[in-house]
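Visitor: I'd like to learn how to read a model like this one. Could you walk me through it, starting with one residue and working outwards?

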Number of protein chains: 2
Amino acid sequence: MKDLLEDRDAWSMDNCSIARTLEIVGNRTSLLIMREAFFGTRRFDDFAKRVGIGEPAAATRLKELTAAGLLERVPYQEPGQRTRYAYQLTDKGRDFRAVIVALRQWGDTWAADEQGPPVVVRHENCGAEVHAVLRCDEGHDVPVGDSFVDAGPGLVRVGPDSS
Amino acid sequence: MKDLLEDRDAWSMDNCSIARTLEIVGNRTSLLIMREAFFGTRRFDDFAKRVGIGEPAAATRLKELTAAGLLERVPYQEPGQRTRYAYQLTDKGRDFRAVIVALRQWGDTWAADEQGPPVVVRHENCGAEVHAVLRCDEGHDVPVGDSFVDAGPGLVRVGPDSS
DNA sequence: AAGCTGACTTCTTAATTCATAAGTCAGCTA
DNA sequence: TAGCTGACTTATGAATTAAGAAGTCAGCTT
């Protein structure tokens, strides 16, 4: 574990998945819009109202998220109404679910008030609450502290800087 | 599933765990600092350099994260050096691990380049890669789409607005 | 053809966030 | 006790992000 970490300055973070992800959703409102999308919100006005942001901000975020492929703009038509567009999760967006669940779970544990969380996510089949857990590919649960960071195939090593 | 969601406007989000969490870490640099903390970074200058931000920004973020209780400022002393302070994860901060793992995992899947991810997290005991998965309290894995949002104990319902 | 409504866009202004550069400060070493 | 160095703080200015109000636009209904 120590080996890699002590050499931390030798890696380049140009290829960091976290940084890339955050370039897409690295601000409060994008994440809140994703929350709403998971809660089932689809319409422009509802996003703005429920997230609590102005329309210009909602339009910008929705556009970014659509361009990034997490949401898609799909036409829908209510009876007697003209065709309108809704924003719904794509597979790419749905796969973001673990992040939202992990965020909510952390907040429930460390930043909730006495009344408890306002919403819970349940398993469709059995009704039990859903949590984000860490598990290794061998099927073991991985408690905090029982993991280490290792070099991946895309790690770019850079020479020690001369400073 | 539909029942609650269609009534979405009837909930108040004042008690939203996600919104509260994002008030603490809802910006790109805070999340990147948390990433570094998990990678083992502890010193001020290293945070600034590795996250790629200026010192004022690093000082502000580190102070926020410390005030929020995710990091703590602990004294350390290298031989022949004076006492200095390092920032290290608290239990509250360590528990944030699932969010960072989920973020990295999403980025590895949807935003990585051909070379693959630069780093992987492995299980200390068996060396297998660690992933964030969703699981219900009955022990079932919960695939995308097999969950629904339900009212929690802290849900505040508000009257339908007159608009 | 006019009205209506949801879905935006535009404009202006305020607030926040950031980088860069230049200090400041503490305390161990020489 | 002067220097050195890591850990910050201060100052300034640029860039980004936001709200609020108002305007535009499309197309179904009347």
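Guide: Happy to. Keep in mind that this is a predicted model. Let's start with B:Q105, which sits in helix 7 (residues 97-110) of chain B.

Visitor: Which residues does B:Q105 touch, not counting those up to four places away in sequence?

Guide: Leaving out those sequence neighbours, B:Q105 touches B:H131 and B:A132. With B:A132 you can go down to atoms: a polar atom of the B:Q105 side chain lies 2.7 Å from the backbone nitrogen of B:A132.

Visitor: Now the two chains. How do I read the size of an interface?

Guide: The size of an interface is often given as the accessible area lost when the parts come together. Here chain A and chain B bury about 8700 Å² between them, and 61% of that is on carbon and sulfur atoms. On the chain B side, the residues that lose the most area to chain A are B:W106, B:P118 and B:R135; together they make up 9% of what that side buries.

Visitor: And how many residues of chain B are in contact with chain A?

Guide: Count 90 residues in chain B, in contact with 90 residues of chain A.

Visitor: How do I describe two helices that pack across the chains?

Guide: Look at the angle and the distance between the axes. Helix 7 (residues 97-110) of chain A packs against helix 2 (residues 17-25) of chain B at an angle of about 85°, with the axes 8 Å apart. Angles of 65 to 115 degrees count as roughly perpendicular, so helix 7 of chain A is roughly perpendicular to helix 2 of chain B.

Visitor: Which residues of the two helices make the contact?

Guide: From helix 7 of chain A you get A:I100, A:L103, A:R104, A:W106, A:G107 and A:D108, and from helix 2 of chain B you get B:S17, B:I18, B:T21, B:L22 and B:I24. Sorted by class, that contact has 6 nonpolar, 3 polar and 2 charged residues.

Visitor: On to the DNA. Which residues come nearest to DNA strand D?

Guide: There are 25 residues around DNA strand D, and A:R61, A:G80, A:R82, B:E55 and B:Y76 come nearest. Of the strand D atoms that come within 4 Å of the protein, sugar and phosphate account for 70%.

Visitor: What do the polar contacts look like there?

Guide: Ask what part of the DNA each one meets. A:R61 has a polar side-chain atom 2.3 Å from a phosphate oxygen of DNA strand D, and a side-chain N or O atom of B:Y87 is 3.0 Å from a phosphate oxygen of that strand. B:E55 goes to a base: one of its polar side-chain atoms lies 2.5 Å from a base nitrogen of DNA strand D. The surface near this strand has 8 nonpolar, 7 polar and 10 charged residues.

Visitor: Which residues are closest to DNA strand C?

Guide: Of 24 residues surrounding DNA strand C, the closest are A:E55, B:G54, B:R61, B:G80 and B:R82. Sugar or phosphate supplies 71% of the strand C atoms within 4 Å of the protein, and bases the rest. For polar contacts, a side-chain N or O atom of A:R82 is 3.3 Å from a base nitrogen of strand C. A polar side-chain atom of A:Y87 lies 3.0 Å from a phosphate oxygen, while B:G54 uses a backbone N or O atom, 2.8 Å from a phosphate oxygen of strand C.

Notes:
Residues are numbered from 1 along each chain as its sequence is written. Chains are lettered from A and ligands numbered from 1 in the order in which they are written. This is a predicted model: local features need pLDDT of at least 70, side-chain atom pairs count only at pLDDT 80 or more; totals for chains, interfaces and linings use all residues. Side-chain values use heavy atoms; hydrogens and water are left out. A residue is near a molecule or strand if one of its heavy atoms lies within 4 Å of it. A polar contact is a pair of N or O atoms within 3.5 Å; within protein, one must be able to donate a hydrogen and the other to accept it, and residues adjacent in sequence count only if both atoms are side-chain atoms. Ala, Val, Leu, Ile, Met, Phe, Trp, Tyr, Cys and Pro count as nonpolar, Asp, Glu, Lys and Arg as charged, and the others, Gly among them, as polar. Axes are lines fitted to C-alpha atoms, for helices over the stretch in contact, and angles run from 0 to 180 degrees between N-to-C directions. Helices (H or I, at least four residues) and strands (E, at least two) are DSSP runs, numbered from the N terminus. Angles under 35 degrees count as roughly parallel, over 145 as roughly antiparallel, 65 to 115 as roughly perpendicular and the rest as oblique. Contact means heavy atoms within 4.5 Å. Buried area is the accessible area (1.4 Å probe) that two parts lose on being put together, summed over both.
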